[in-house]
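Here's a quick tour for anyone at the bench who wants to know how a few parts of this protein pack together. Have the viewer open while you read.

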Amino acid sequence: MADVTGGPSLPQERKLVTSIPGPKSQELLARKNAAVASGVGVALPVFTVAAGGGVMIDADGNSLIDLGSGIAVTGVGNSAPAVVEAVTRQVQQFTHTCFTVTPYDGYVEVAEKLNEVTPGDHDKRSALFNSGAEAVENAIKIARHYTKKNAVVVFDHAYHGRTNLTMGMTAKNMPYKDGFGPFAPELYRVPASYPFRDGLSGAEAAEQAILQIEKQVGAANLAAMIIEPIQGEGGFIEPAEGFLPALQAWANANGVVFILDEVQTGFARTGDLFAANHEGVVPDLVTTAKGIAGGLPLSAVTGRAEIMDSAHSGGLGGTYTGNPIACAAALATIETYERENLTERARQIGAIIDEFFEELAKTDDRIGDIRGRGAMKAVEFVESGSKRPAAALTGAIAKHAGEQGVILLTCGTYGNVVRFLPPLSISDELLREGLEIVADALKANA
Ligand SMILES: *Cc1c(COP(=O)(O)O)cnc(C)c1O
């Protein structure tokens, strides 16, 4: 199996030739358990040999439907031809110099592109990094340097990464924080907007958050406020309309850098190139990663020139930041989102998922909420006739799906959300087949 070529020309089918995980994956899993630190868990223990379009081929020759995109990364599909070509060309030219030793044009071109496509038409600058967490850390560094203030406001249900600073910014204890402290100081958490659970309008939720910030932190101490426009790991929580614009207005009026973490929502995923565009929100800084480079590790902070330029020369960087291969991949990836009109494709995918679960919800009251936008959709499961989170059911659905050859991710502070993040290269047929398996899982766990 090891010589299978990935990409969209793989047969687009769900095909099981062994049980999941098959014998080869089980053998590899035993080696993994003996060699890899146990803290590095896996959601579905099937080992990948190729992927593309909407499928993943495992070591035993099973073909699984991919509804996760490696956590919202392969928006353009795995081994997308334009990405493969760009990476191949770059890897033959040079693989690394360190941009802060001798620079190269690919980095500059990615910065130019990000300055052009991110929300707002003000003068912008970008800086590139490796991971989403690293971008978030740098956005905070920059905001503190610019404002000469320390405090940072984060929200309930937030996820910003696993490094020390971003772990402290992340809300959920297990598995991200438990026993890994102490956490960085000057982080203040305030309520978010969670319409299904708080029942507040956007204006009410914003008023509640702002009041808490003013009373417990004080704008004079506050460098930055950072929020995901749709909260990802926290449960694909789409804030009530008006929430984000109200936060932006308050931050702008109070000398607070308003940062949107679009690491998961960015790059066509939500049916707009960025989720901020939905309500015309314009962040001072935006962090991006995941969908940016077709699977290669790259992240960025993009924002107002006067804020981005406040850090002294040499203050930002890193050995691998803005790696030339990742930059080549990013340019090909962003071009693919535009050329293939993948924002529209994300909306179509969202409509299919909505329609499917709205129908199912008519006869199954464990479907508490269907939400999200575009190809970033989720279903929150509850115990019948209540809003009590149904985490065990959610786990059982993901397990059933995996066994039936569908890669399905869960999320949520309460562990009761199934999230759909298919590659935008998936076919309608494959997507519908994947959703049917979720419906079967619901029946099997009645
Ligand atoms: C995944 C994620 C991060 C962290 O990105 P890594 O590349 O895993 O470090 C940060 N913010 C959000 C919103 C994310 O979804």
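What follows covers two helix pairs, a sheet, a pocket and some cavities, in that order. Keep in mind that this is a predicted model.

**Two helix pairs**

A pair of packed helices is described by the angle between the axes and the distance between them. Here are two such pairs side by side.

| Helix pair | Axis distance | Crossing angle | Handedness |
|---|---|---|---|
| H8 (residues 202–216) and H9 (residues 243–253) | within 8 Å | roughly 35° | right-handed |
| H4 (105–117) and H11 (residues 324–339) | within 8 Å | roughly 35° | left-handed |

Let's take H8 and H9. On the H8 side, the residues that meet the partner helix are Gly202, Ala205, Ala206, Ile210, Ile213 and Glu214. H9 answers with Phe243, Ala246, Leu247 and Trp250. Sort the residues of this contact by class and you get eight nonpolar, one polar and one charged.

Now for H4 and H11, whose axes come within 8 Å and cross at roughly 35°. From H4, the contact uses Gly106, Tyr107, Glu109, Val110, Lys113 and Val117. H11 brings Cys327, Ala330, Leu331, Ile334 and Glu338. The class count for the H4 and H11 contact is seven nonpolar, one polar and three charged residues.

**A pocket that shares a helix with that contact**

H4 turns up again in the second largest pocket, since two elements, H4 and strand E4 (124–129), each give two or more residues to the lining. Which of them gives the most? That's E4, with five residues. The pocket holds about 390 Å³ of space and has 20 lining residues. If you want to find its centre in the viewer, look for Tyr107, Ser126, Ala127, Met308 and Leu316, which lie nearest to it. Tyr107 is a name you've already met, as one of the H4 residues in the contact with H11. The pocket lining is made up of 10 nonpolar, eight polar and two charged residues.

**An open sheet**

Next up is an open sheet of four antiparallel strands, in the order E11-E12-E15-E14. Why do E11 (367–373) and E14 (409–411) each have one side left without a neighbour in the sheet? Both stand at the edges and have a single partner strand, so nothing in the sheet lies alongside that other side. From one strand to the next, the twist averages 25°.

At the E14 edge, the strand pairs with E15 (residues 417–420) in the antiparallel sense, over three bridges. Here cysteine 411 has valine 417 of E15 as its bridge partner.

**Cavities**

How many cavities of 30 Å³ or more turn up in the whole structure? The search finds three.

The largest has a volume of about 50 Å³. Its lining consists of Pro229, Pro239, Leu244, Ala275, Ala276, His278, Glu279, Val281 and Arg373. That works out by class as six nonpolar, one polar and two charged residues.

The second largest cavity has about 40 Å³ of space. Around it you'll find His157, Ala158, Tyr159, Thr170, Ala171, Lys172, Tyr176, Glu233, Gly234 and Thr413. This lining has four nonpolar, four polar and two charged residues.

Terms used:
Residues are numbered from 1 along each chain as its sequence is written. This is a predicted model: local features need pLDDT of at least 70, side-chain atom pairs count only at pLDDT 80 or more; totals for chains, interfaces and linings use all residues. Side-chain values use heavy atoms; hydrogens and water are left out. On a 1 Å grid over the protein atoms alone, a cavity is a set of points where a 1.4 Å probe fits but cannot get out, and a pocket is an open set with protein on both sides within 12 Å along at least five of seven lines; lining residues have an atom within 4 Å of a point. Grid points are joined across faces, edges and corners, and a volume is the space filled by probe spheres set on the points. Ala, Val, Leu, Ile, Met, Phe, Trp, Tyr, Cys and Pro count as nonpolar, Asp, Glu, Lys and Arg as charged, and the others, Gly among them, as polar. Axes are lines fitted to C-alpha atoms, for helices over the stretch in contact, and angles run from 0 to 180 degrees between N-to-C directions. A crossing is left-handed if the near helix is turned anticlockwise from the far one by less than a right angle, and right-handed if clockwise. Contact means heavy atoms within 4.5 Å. Two strands pair if DSSP finds at least two bridges between them.
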